[in-house]
Amino acid sequence: MKTTCIPVDINVDNDEVYSQAVDLLNRGEVVAFPTETVYGLGAVATNDEAVKKIFAAKGRPSDNPLIVHIGSIEEVSTYIEEIPDIALKCMELFWPGPLTIVMKAKKDILAPSVTVGLSTVGLRMPDHAIALKLLQTLKKPVAAPSANKSGKPSPTKAQHVEEDLQGIIPLILDGGSTGIGLESTVLDVTVNPPAILRPGGVTKEMLEELIGEVFQPSLIEQEQKETPKAPGMKYTHYAPNAPVYLIEKDKEIVKSAIKQLHQVGEKVALLAPSQYLDLSADYYFSFGDEGNIEEFGSKLYEDLRACDKTNATIILATTTSTEGVGAAIMNRLEKAAGRKWFTKDYANN
Ligand code: TXA
Ligand code: MG
């Protein structure tokens, strides 16, 4: 299959591009499009055959449900049995935006492959001009996971989608870099207190200010059986080819780690704030200024992907605080690293 990638400038008339995308979706095909978080790979959420093509293209495990994207708050009642008050409050404040709300789904409306047999569904209204225009022109719900091969970092540029899905999908709408760069917060409002199944741009702090107590499981709590979970969080994610090790954000510690790794013949890629430029890593990817956590989040996936284009044999990534968006960043970094930390006895392991 030939993959067409069309640049979409939101300042000009793109009606033809949208109608091409809408035609493909209506014919049961998949289309990649930008959102404010990451690029999504969409299909009409009521068409089971079409939704199955998403799983096939990504190599996604079939027990991992998809988020359904909608173009307005009014549409929620088409898919949801009873909309809890706290969900309404969240929609009013955070939609359009990087918040997916998991609620009890009406039966037999969405394609079975979207919910994979669960009684709930995650809905989100993305805050991106191209995504919204596509949804509002199509006038149908769009099931869309991140537009990467399963296990790879989510795409924050059309080029990343091409790298993973070239020849497998018919169309990519290229809207440039996505803003936030990390996937949406997934909030389950079917449990009490509501639980964050995946941290993202809408933080625990922001949610608690609006709806009171919210449960954000710690690493240990995430592993407990009774903790509410997103099925997708159990899979290895965001993994570059070389092993990733977390390391404390301390210049001296990082410097001596690099020296030690060089002694045993490793080629080191360092992912760290701009203040770490002068350390002698073989490859260096800056997260930006140490104080700018949003920039860190927006660059993380691109940097992880860039590591795959180097000859690095090991990747060191400095950590950050888990406050605010830091919780989402650390969640993704820990997954990329499989929770491995660099220690002084690395060479003996
Ligand atoms: O920012 C985003 O959310 C992006 C863009 C494209 O919208 N989408 C995205 O989708 O990240 P995906 O499929 O890569 O991640 C969806 C996550 C998975 O961990 C999945 O298990 C969880 O949400 N999820 C979906 N429906 C769920 C449900 N009913 N209950 C619990 N978790 C659910
Ligand atoms: Mg994903």
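**Notes on a predicted model: helix crossings, domains and backbone details**

1. In this predicted model, a good place to begin is the pair formed by helix H4 (residues 85-94) and helix H8 (residues 204-211), whose axes come within 10 Å and cross at roughly 120 degrees. Because angles of 65 to 115 degrees count as roughly perpendicular and those over 145 as roughly antiparallel, H4 is described as oblique to H8. The crossing in which H4 passes H8 is right-handed.

2. Which residues make this contact? On the H4 side they are Ile86, Lys89, Cys90, Leu93 and Phe94, while H8 contributes Met206, Leu207, Leu210 and Ile211. Sorted by class, the contact of H4 with H8 contains 8 nonpolar residues, no polar ones and 1 charged residue.

3. A second pair to examine is helix H1 (residues 15-26) with helix H6 (residues 129-138), where the axes come within 10 Å and cross at roughly 60 degrees. That angle makes H1 oblique to H6, and the crossing of these two helices is right-handed.

4. In the contact between them, Asp15, Tyr18, Ala21, Val22, Leu25 and Asn26 of H1 meet Ala129, Ile130, Lys133, Leu134, Thr137 and Leu138 of H6. By class, the contact of H1 with H6 is made up of 8 nonpolar, 2 polar and 2 charged residues.

5. Turning to the chain as a whole, the domain assignment divides out domain 1 (4-223) and domain 2 (244-348), and the centres of these domains, taken over C-alpha atoms, are separated by 29 Å. How many residues take part where the domains touch? There are 27 residues of domain 1 in contact with 19 residues of domain 2, and the two domains bury about 1,800 Å² between them, with 50% of that area on carbon and sulfur atoms.

6. Two peptide bonds that precede a proline deserve a careful look in the structure. The bond from Trp95 to Pro96 is cis, with omega near -10 degrees, and Pro96 lies in the loop between H4 and strand E5 (99-104). The bond from Asn192 to Pro193 is also cis, with omega near -5 degrees, and Pro193 is found in the loop between strand E9 (185-188) and strand E10 (195-198).

7. A last backbone detail concerns Val116, which has a positive phi of about 40 degrees although it is not a glycine. Where along the chain is Val116 placed? Val116 sits in the loop between helix H5 (112-115) and strand E6 (120-124).

Terms used:
Residues numbered from 1 in each chain as written. Chains lettered and ligands numbered in written order. Predicted model: local features only at pLDDT ≥ 70, side-chain atom pairs only at ≥ 80, totals over all residues. Heavy atoms only, no water. Axes fitted to C-alpha atoms, helices over the stretch in contact; angles between N-to-C directions. Helix = DSSP H or I, 4+ residues; strand = E, 2+ residues; numbered from the N terminus. Parallel < 35°, antiparallel > 145°, perpendicular 65-115°, else oblique. Left-handed = near helix turned anticlockwise from the far one by under 90°. Contact = heavy atoms within 4.5 Å. Nonpolar A, V, L, I, M, F, W, Y, C, P; charged D, E, K, R; others polar. Domains from an automatic or database assignment. Buried area = accessible area lost by both parts, 1.4 Å probe.
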